[in-house]
Amino acid sequence: MKNYTHYLDYTVEQWVEDPDFLKWLKEPNSDYYSVFSRLKKMEPDVAQKMDEAQNLLFEMIAVEPSLSKDTVEKIWKGVQRETRKSKQISRTMQIWRVSVAATVLLVLGFTVLMHNVNSGVSYNDLSENISLDSIKNVTLKIGDNSEILLSNKAEVMITDDNRIIVRTAKGEEMSMSGVEFSDKKMGWLAVPKGKRASVSFADGSKATLRPGSKIVFPSEFGKINREIFVEGEVFMEVTKNKLKPFIVKTDKMDVEVLGTSFDVQAYPSQNTQSVILVTGLVNVKTTSNRVTQITPNQKFTLNASSNTEIVKQVKVYDYISWKEDILSFESEKLSVVLKAISNYYGITFNYNAEQLNQITLSGKLNLNDNIEDVMLVLTATANIKYETINTNIIKIDVKQ
């Protein structure tokens, strides 16, 4: 499909001859052609020309109802030959009408299969090939290239010319020599527990990954949308493009935005997945094909076990403060707080869940502190004591 900006200046004749527009008339609810639906809704002048073209096309169908499939195909081949000879639209009206009628009949009369840049990609399969339990460092893989180990809090940047640049937490930048996106390959970034990283895409959008998360993304976004796959938790800052939505996919839902900031939680070990919206608007589509729109300061939660959905007002900061290395919580069970700390520092807590669920906490923890400082804050706040078994295990008990 042509670059979407071309459509803004289209004449009625250009709309009539655009093959993607014709296919949209056949499948107006298709996600692949949703750019035309958005154009009609957001650009009144463009919508008027689209309506005129649509009326003209349907008039042509009415006067050419008896063409056989073979005849249509012959005419269509002739149209393609003529198109290759010249792109001018100023041919005789008779040739133009026959060409367009053949095109319309071909598109509206037969099944047309269109393929996105990501056609045939199984995000679930790609994600399953990445085991967070088997890696200890932030890991990047591009297509068939070898895995690349990155430092903690590294930012991967994809440039307009498909180069990969990595910026370290200290601000140092290095170009990944010999590692380029090509041939529409897929890439992935995996962030184990105790680590952080982010990806900045060529369109300016950015995904910040929480520890224990991974993301799969294409070498270049499709012509109709921008699409990535997430497992774990990411904070998204999406560059606005009203004609090319950004879609964050999980194994249970699609989150579609035009330009906004939001948090997606989709941990495979949990029955619930959620979206917390900071700015803008998002549409959440679940595997049951229900679509829910949420507004800022709302949290959408999908319970996969009961197949239920809930939208409620929340304090957004409590859910996104991790991006600033702050763990914020209000009247939260201690066991839940410990799980978040475990995920961030990559350590294991041993404790009696039933006992700790009786203790709730409110406050903030600075995750830039070392684990010993964090534990001192917890023991000063809650009625607990701890013992460091080794560098990876801490035992928690309730004080008697």
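**A three-stranded sheet, its helices and an aromatic cluster**

Helix H9 (residues 334-345) lies across strands E20, E22 and E23, running at about 150 degrees to E20. The model described here is predicted. Helix H11 (residues 371-381) likewise lies across E20, E22 and E23, and its direction makes an angle of about 155 degrees with E22.

The sheet contacted by these helices is open and consists of three strands in the order E20-E23-E22, with mixed pairing. Strand E20 (348-350) and strand E22 (384-390) form the edges, each pairing on one side only. From one strand to the next, the twist averages 30 degrees. Strand E23 (residues 393-398) pairs with E20 in the parallel sense, over three bridges. Within this pairing, phenylalanine 349 has isoleucine 394 of E23 as its bridge partner.

The length of H9 was compared with the expected helical rise. At 1.5 Å a residue, its 12 residues should span 16 Å, and the end C-alpha atoms are 16 Å apart, so the two values agree. H9 is also mostly covered, with 10 of its 12 residues buried. The buried positions comprise Leu334, Ser335, Val337, Leu338, Ala340, Ile341, Ser342, Asn343, Tyr344 and Tyr345. Just after the helix, glycine 346 adopts a positive phi of about 70 degrees.

Aromatic contacts were also examined. The structure holds 10 aromatic pairs. In one of them, the ring centres of tyrosine 7 and phenylalanine 36 are 5.2 Å apart and the ring planes meet at 75 degrees; the pair is therefore edge-to-face, the cut-off for this class being over 60 degrees. Because tyrosine 7 lies in the segment before helix H1 (12-17) and phenylalanine 36 in helix H3 (residues 34-42), this pair ties together parts that are 29 residues apart in sequence. Tyrosine 7 and phenylalanine 36 are both buried.

Phenylalanine 36 also pairs with tryptophan 15: the ring centres are 5.9 Å apart with the planes at 70 degrees, so this pair too is edge-to-face. Since tryptophan 15 belongs to helix H1 and phenylalanine 36 to helix H3, the contact ties together parts that are 21 residues apart in sequence. Tryptophan 15 is buried, as is phenylalanine 36. Together with Tyr10, the residues Tyr7, Trp15 and Phe36 form one aromatic cluster.

Definitions and conventions. Residues numbered from 1 in each chain as written. Predicted model: local features only at pLDDT ≥ 70, side-chain atom pairs only at ≥ 80, totals over all residues. Heavy atoms only, no water. Pairing = 2+ DSSP bridges. Helix = DSSP H or I, 4+ residues; strand = E, 2+ residues; numbered from the N terminus. Axes fitted to C-alpha atoms, helices over the stretch in contact; angles between N-to-C directions. Contact = heavy atoms within 4.5 Å. Expected span 1.5 Å × (residues − 1). Buried < 20%, exposed > 50% of the residue type's maximum accessible area, 1.4 Å probe, protein only. Phe/Tyr/Trp six-rings, centres within 6.5 Å; stacked < 30°, edge-to-face > 60°.
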